[in-house]
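Here's a quick briefing to read alongside the model. Have the sequence open while you go through it.

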Amino acid sequence: MIELGRATDRKPPFRYSAFARVGFSDTDAQGVVYYGRYMPYFDLARTEFHRHLGGLHEPGVDFAMRAVSVEYLAPAKFDDLLEVFVRVERIGTTSITYDHAAYRLDDDGETLAATAKATLVCISLDARRAVAVPDALRERIASLDR
């Protein structure tokens with residue numbers, strides 16, 4: 001299986017990051033990444049984090065986005081390489097909250113471009129209502145911190 005991210009200790013408290021390259025279609029008329037295009041970068045990092053943990057799926061449940069907030073700190077431009085860090089900030093009864101940080105890797109080092117916090121709710125696929133996060137998922141997430 002090909003994984004587009006990696007476990008890393010480069011930016012504590014983050015323990016995982018994925019890489020993304022800014023495409024031309026990600027930029028706006030000013031030549032910088034359009035604010036809404038950061039969501040796919042954060043989704044990519046979170047998806048690769050889940051892949052690294054062996055998947056987030058358990059029979060009968062899935063996750064739905066409940067809330068997301070983003071702060072934009074510095075622009076990224078076409079062809080910039082981004083390293084997007086992700087970590088689980090909190091696991092509640094029925095939700096998981098993730099922190100993200102997208103760094104622009106450039107000749108001068110690295111610049112924090114944007115941060116995000118996303119909360120996903122565990123839902124029953126049958127009833128379409130919130131259910132407890134399965135213990136197996138909690139254990140897989142905790143395994144990265146061991």
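What follows covers the sheet, the helix across it and the main pocket.

This is a predicted model, where local features need pLDDT of at least 70, side-chain atom pairs count only at pLDDT 80 or more, and totals for chains, interfaces and linings use all residues. Residues are numbered from 1 along each chain as its sequence is written, and side-chain values use heavy atoms, with hydrogens and water left out.

**Sheet**
- Six strands, 6 in the order β1-β2-β4-β5-β6-β3, make an open sheet with antiparallel pairing (strands are DSSP runs of E, at least two residues, numbered from the N terminus; two pair if DSSP finds at least two bridges between them).
- β1 (5-7) and β3 sit at the edges with a single partner strand each, so one side of each has no neighbour in the sheet.
- From one strand to the next, the twist averages 25° (axes are lines fitted to C-alpha atoms, and angles run from 0 to 180 degrees between N-to-C directions).
- β4 (residues 81-91) and β5 (residues 95-106) run antiparallel, joined by 10 bridges, and I91 stands opposite I96 in β5.

**Helix**
- α1 lies across β1, β2 (16-21), β3, β4, β5 and β6 (109-124), at about 135° to β2 (a helix is a DSSP run of H or I, at least four residues; for helices the axis is fitted over the stretch in contact, meaning heavy atoms within 4.5 Å).

**Pocket**
- The largest pocket holds about 210 Å³ of space (an open set of points on a 1 Å grid where a 1.4 Å probe fits, with protein on both sides within 12 Å along at least five of seven lines; the volume is the space filled by probe spheres set on the points).
- Its lining (residues with an atom within 4 Å of a point) includes D43, H50, F63 and L120.
- α1 (38-52) gives the largest share of that lining, 5 residues.
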